[in-house]
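Work through the short exercises below with the model open beside you. Try each task before reading its solution.

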Amino acid sequence: MADEVLAAAAQIIDGPTDELLVRLSAAAAELIPHRAVAQLASQCASTPITTHGEPALAKAITGADLAGLLGTVTAGHPWQGVVPIAGAPHPVLAVASDRAPRGSVVVFIRSDETPTDAAATLQPLWDLVTAHMYQLTLEREPGALAQNRAVAKARADLAAELGEAHAATLATLLGVLRNQRVDADAARSTAVELALNGLADLRTDTRRDRVWSGEEPAGKAFERLADSLRALLRHGPVDLELDAPGNDRLIPAGVAHRARVAVRSVVLAMLTQEHVRRIRVGWRWTGADLQATVRDDGPGRLEDVLDLGQLAERLRLHEDDLDLDAVPGWGLTARITLHAHETAQPRTITPDPLAALGTRELEVLERLAQGQRNRSIADELHISESTVKFHVANILTKLAVTSRTQAAALYHATAAIQV
């Protein structure tokens, strides 16, 4: 198989970069028949998504359709399932690689859902192609590369905010229309009012919220979030519990804004699940970091809220963190940590390479270093297997390693030094 992979990789990377996906599709055609193929790479601002295949289908594929896979599909663990594209479900095979700092995903849109064993060959092939593409970006002028990443971050922020605003309005409208306690005339009147308010929000409140200068009291900043969540959940069956910050210290407006967008994104994702009846939201401002926590009482399956992968990737662009714990039968907990880079004190350089990991990530890494597989780790920590995969992906990113083996080796080396 190694010879086949190397031969295919040579065929793919030998030619103009803008035709790379065409060559990949041709090389993989016999291995995995597909209707279209798409590549998503978060570090590229000019073309964060490229597609090739049946014209109508390839044209319909958007970054919004696939961005969740970038933050959710773990390198080395190809994913087969169904993804909505242009409003219709499509069977796909997604292969992620961590051979670039922010990863990349290639998605084959297939004709049927029959499981395939092609992933065993496609994984090393995509790793080689990703490494090649990343090397090309390193050879570019440093200034151009930095500008490219800045544009990517700004584009992701703006798209996320607009998408979240639209989603919040639509979710509120649906809550009204589905409410059996409201008669038709009242529902129509309320829906019209909500739609008008949504338009006004897009024109005024969002622009005002995006002013990232100055500071505001933490309590006032949280109350603005609370008001938007109350409006979102007012007409639905979900109860909202709020845990306001324990102090009113001044918080940078940019940090408060990012927190509101992130928390609303998590709440909207949680509402897509069945049997959610309660969501609790709180945050704490330490003076350097804002730590927001969102909990629900839903089914506790991370695969039910695939869109949170998009949020995780977006937060990484700001060097912020999203930590998820999904406990089957008990619910989902999302912990968001946002750093106030403009006001925080310089971070102390530490010889401990594991210092960047959170408590849950350290627990996962310890068991990974013991040779346990994802299922065993999930059972022992009482979380879902998909949550373990999410933590492993974060661990690899934070430790700047490309495999579970390297992460385990770093863990053992650090433990030996500390003894």
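**Exercise 1: A helix on a sheet**

Helix 8 (residues 218-233) lies across which strands, and at what angle does it run to strand 9?

Solution. This is a predicted model. Start at helix 8: it lies across strand 7 and strand 9. Then take the direction: helix 8 runs at about 165 degrees to strand 9.

**Exercise 2: The sheet**

Find the order of the 5 strands, then say which strands stand at the edges.

Solution. Step one is the order, which reads 7-9-10-12-11. The sheet is open, and its pairing is mixed. Step two is the edges. Strand 7 (239-243) and strand 11 (321-327) each have a single partner strand, so one side of each has no neighbour in the sheet. Step three is the twist, which averages 10 degrees from one strand to the next.

Now look at one pair. Strand 7 and strand 9 (residues 278-285) are joined in the parallel sense over 5 bridges. To locate one of them, go to D239: its bridge partner in strand 9 is R278.

**Exercise 3: Two helices in contact**

How do helix 11 (residues 359-369) and helix 13 (residues 385-399) pack, and which residues make the contact?

Solution. First, the geometry: the angle is about 95 degrees, and the axes are 9 Å apart. Angles of 65 to 115 degrees count as roughly perpendicular, so helix 11 is roughly perpendicular to helix 13. Next, the residues. Helix 11 contributes R360, E361, V364, L365 and L368. Helix 13 contributes V388, H391, V392, N394, I395, K398 and L399. Last, sort the residues of this contact: 7 are nonpolar, 2 polar and 3 charged.

Terms used: Residues numbered from 1 in each chain as written. Predicted model: local features only at pLDDT ≥ 70, side-chain atom pairs only at ≥ 80, totals over all residues. Heavy atoms only, no water. Axes fitted to C-alpha atoms, helices over the stretch in contact; angles between N-to-C directions. Helix = DSSP H or I, 4+ residues; strand = E, 2+ residues; numbered from the N terminus. Parallel < 35°, antiparallel > 145°, perpendicular 65-115°, else oblique. Contact = heavy atoms within 4.5 Å. Nonpolar A, V, L, I, M, F, W, Y, C, P; charged D, E, K, R; others polar. Pairing = 2+ DSSP bridges.
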